Structure formats: structure tokens, C-alpha cells
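Here is a quick tour of one chain, with an eye on its charged side chains. Have a look at the structure first, and then we'll walk through it.

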Amino acid sequence: MASVAGLNGTGGGAAYVAAKHGVVGLTRQMAVVYSSRGVTINAVCPGPILTDLRRHSQAILGPGVPDMSGRGIAVNDEQVRTVVPAGRRGTVKDIASAVCYLASEEAGYVTGHAMVVDGGWRAK
């Protein structure tokens, strides 16, 4: 699981952006190495997705983690409507559908791909 931040230079701070770029790079490299063995390797890059992570960041990740409840684009619905052409945040189901497709036989020739699921945010 990567993020649109793994394709941009913005979105969550230097460590987060670097980590997600690393996931995308590792996905591509592993696809080159393992595709000849019939293994497909892809990353999903969500945009703003409606989850409870930000609201419950400290409970989920531990008390030493900064409170993220009021930070980031996924917190403010008006901001999301401004930058996402679909006019809404994505859902966990939107991401699960992309993962199910990439894990299916229908995607047997898709490998090394960073699939963006962001309501058109990166298309702007």
C-alpha cells in the first residue's frame, strides 16, 4: 500500500513521502525481478480516504505519535471537494475494490503498476 504521496512531493511530511516513494520504487523493482515467475506486484496509491486513522491516531499508533486529528486534507470535507474532481473522499471499499482487481486473474498482465485511487486528484 503506497499513497498518492508516493508519486508527488507533497502530502504528509518528509518521512511519510519518502516511505511511500520507497514503496512505489520497491514495487517496480520487484515486478522486474519476479514477473518472469508469474508473480504480479503492484501498489495501490490512495488519495484522501475516509478512515478513523487520523481521528484515533494516538490510540492506534501509540501515545508518542503526534495527534493527527486536525491535520491533512482528508480531515476537511470542503478541502477535499476543492481538490478532488469526484467531490468526495474515497472509502475503504474503493480501495478494497482496487486491491481485489489487482489480485484477480483479470489483472494477470498488470505488474509494476502504482494504481492511483484518488477521485481524480492527480489528474488535475
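## Charged side chains, paired and unpaired

Count the contacts in the chain between residues at least 6 apart in sequence, and 55% of them join residues at least 24 apart. Keep in mind that this is a predicted model.

As for the overall layout, the chain has four helices and two strands, and they come in the order α-β-α-α-α-β along the sequence. Of its 124 residues, 29% count as buried. The accessible surface adds up to about 7,600 Å², with 58% of that belonging to carbon and sulfur atoms.

Now for the charges. Side chains of opposite charge can pair when their charged atoms come close. How many salt bridges does a search of the whole structure find? It turns up three, and here they are:

| Pair | Closest N to O distance |
|---|---|
| Asp-77 and Arg-89 | 2.2 Å |
| Arg-81 and Glu-78 | 3.2 Å |
| Asp-94 and Arg-88 | 3.2 Å |

Take the pair Asp-77 and Arg-89, whose side chains meet at 2.2 Å, N to O. Asp-77 sits in helix 3 (residues 77-83) and Arg-89 in the loop between helix 3 and helix 4 (92-103), so this salt bridge ties together parts that are 12 residues apart in sequence. Are the two partners buried or exposed? Asp-77 is partly exposed, at 39% relative accessibility, whereas Arg-89 is buried, at 18%.

Arg-81 and Glu-78 make their salt bridge inside helix 3, where the two are three residues apart, or about one helical turn. Both partners are partly exposed: Arg-81 has a relative accessibility of 45%, and Glu-78 has a relative accessible area of 46%.

That leaves Asp-94 and Arg-88, which also meet through their side chains. Asp-94 is partly exposed at 26% relative accessibility, and Arg-88 is partly exposed too, at 44%.

Then there's a charged residue without a partner. Lys-20 belongs to helix 1 (residues 14-34). Lys-20 is buried, yet it has no salt bridge. How far away is the nearest side chain of opposite charge? That side chain is Asp-118, and it is 15 Å from Lys-20. A salt bridge needs the nitrogen and the carboxyl oxygen within 4 Å, so Asp-118 doesn't qualify as a partner at that distance.

What does Lys-20 touch instead? Leaving out residues up to four places away in sequence, Lys-20 touches Met-1, Ala-2, Ser-3, Ala-5 and Gly-6.

Key. Residues are numbered from 1 along each chain as its sequence is written. This is a predicted model: local features need pLDDT of at least 70, side-chain atom pairs count only at pLDDT 80 or more; totals for chains, interfaces and linings use all residues. Side-chain values use heavy atoms; hydrogens and water are left out. Buried means under 20% relative accessible area, exposed over 50%, partly exposed in between (1.4 Å probe, protein chains only). Contact means heavy atoms within 4.5 Å. Accessible areas come from the Shrake-Rupley method with a 1.4 Å probe; for residues, only the protein chains shown count as cover. Lys and Arg count as positive and Asp and Glu as negative; His and the chain ends are not counted.
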